[in-house]
Amino acid sequence: MTNIQFIFNIKDKWSILNNLLLKNLQKKKQCLVYFENNEDMELLSTNLWRHSKTNFLPHKINEACINEMICLSNDKIDWMDATLINFSHSFINGFNRYIKLIELVTEDEKSRIGARERFKFYNDCGYKLSSYDSNDINF
């Protein structure tokens, strides 16, 4: 059964996402990030290729990841099964194929309302849920 984590009170969603991706890479775990739109996905892709002055984070966009540890998608999610990060405000059909789902919840009211609905749904379905305040997380 999928382990679902909510990270709430996020001020900088991009920073948290970057730290989560690096943490998964250090653990040698594959990770798919799901987006609602192309703009956010393309922005992250550009940033991953320019991660720092001395390295980059290889990844694929909307295609199966065989050797890459990071996949970005606004379409399918069936290319992996380790960690799924929800960068959208919506429910992701098929999330239950993953070992872990991470829901990112910003301080924005739209983000909070959607997260509350998803939390209730997951809880009603019997999934194991955990919540973390982003201010208490040390990467």
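This report describes the fold of a predicted model of a protein chain, its central strands, two chosen residues and its largest pocket.

**Overall fold**

The protein chain contains three helices and seven strands. Read from the N terminus, these elements follow the order β-α-β-α-β-β-β-β-α-β. Its C-alpha trace extends over about 45 × 30 × 30 Å along the principal axes. The radius of gyration is 14 Å, which agrees with the value near 14 Å that a compact globule of 139 residues would have. Of the 139 residues in the chain, 42% are buried. Among contacts with a separation of 6 or more, 62% join residues 24 or more positions apart in the chain.

**The sheet**

The seven strands form an open sheet with parallel pairing, in the order β3-β4-β2-β5-β6-β1-β7. At its edges stand β3 and β7 (128–133), each of which pairs on one side only. Strands of a sheet pair through backbone hydrogen bonds, in either a parallel or an antiparallel sense.

Three of the pairings can be set side by side.

| Strands | Sense | Bridges |
|---|---|---|
| β2 and β4 (residues 70–73) | parallel | four |
| β2 and β5 (residues 83–86) | parallel | four |
| β3 (residues 60–61) and β4 | parallel | two |

Strand β2 (31–34) therefore has a partner on either side in the sheet order, with β4 and β5 as its neighbours. On the β4 side, Leu-32 has Cys-71 as its bridge partner, and Tyr-34 is opposite Ser-73. On the β5 side, Cys-31 is opposite Thr-83, while Tyr-34 has Asn-86 as its bridge partner. Tyr-34 is thus named in a pair with β4 and in a pair with β5. Further towards the edge, Ile-61 stands opposite Leu-72 of β4.

Which residues of β2 lie on each of its faces? Cys-31 and Val-33 are on one side, Leu-32 and Tyr-34 are on the other, and all of them are buried, leaving both faces of the strand covered. Strand β4 is also covered on both faces: Ile-70 and Leu-72 are buried on one side, and Cys-71 and Ser-73 are buried on the other. In a regular strand, side chains alternate between the two faces of the sheet.

**Two residues, Thr-83 and Lys-29**

Thr-83 belongs to strand β5. Is this residue buried or exposed? Thr-83 counts as buried because its relative accessibility is 3%, and the cut-off for buried is under 20%. Leaving aside residues up to four places away in sequence, Thr-83 touches Asn-24, Gln-30, Cys-31, Leu-32, Tyr-98, Lys-100 and Ile-102. One of these contacts, Cys-31, is also the residue that stands opposite Thr-83 in the strand pairing.

Lys-29 sits in the loop between α1 and β2. Its relative accessibility is 40%, so Lys-29 counts as partly exposed, a class that lies between the limits of 20% and 50%. With residues up to four places away in sequence not counted, Lys-29 touches Asn-24 and Met-69. Asn-24 is also among the residues that Thr-83 touches. Between Lys-29 and Ser-15 there are 19 Å in space, C-alpha to C-alpha, for a separation of 14 residues in sequence.

**The largest pocket**

The largest pocket holds about 200 Å³ of space. Its lining consists of 12 residues, of which Gln-5, Leu-20, Lys-23, Lys-100 and Ile-102 are the closest to the centre. Lys-100 and Ile-102 are also among the residues touched by Thr-83.

Which elements each supply at least two residues of this lining? They are β1 (3–10), α1 (13–26) and β6 (100–106). The most comes from α1, which gives three residues. By type, the lining divides into six nonpolar, four charged and two polar residues.

Note on methods:
Residues are numbered from 1 along each chain as its sequence is written. This is a predicted model: local features need pLDDT of at least 70, side-chain atom pairs count only at pLDDT 80 or more; totals for chains, interfaces and linings use all residues. Side-chain values use heavy atoms; hydrogens and water are left out. On a 1 Å grid over the protein atoms alone, a cavity is a set of points where a 1.4 Å probe fits but cannot get out, and a pocket is an open set with protein on both sides within 12 Å along at least five of seven lines; lining residues have an atom within 4 Å of a point. Grid points are joined across faces, edges and corners, and a volume is the space filled by probe spheres set on the points. Ala, Val, Leu, Ile, Met, Phe, Trp, Tyr, Cys and Pro count as nonpolar, Asp, Glu, Lys and Arg as charged, and the others, Gly among them, as polar. Buried means under 20% relative accessible area, exposed over 50%, partly exposed in between (1.4 Å probe, protein chains only). Contact means heavy atoms within 4.5 Å. Two strands pair if DSSP finds at least two bridges between them. The radius of gyration is taken over C-alpha atoms; the globule rule is 2.2 Å times the number of residues to the power 0.38.
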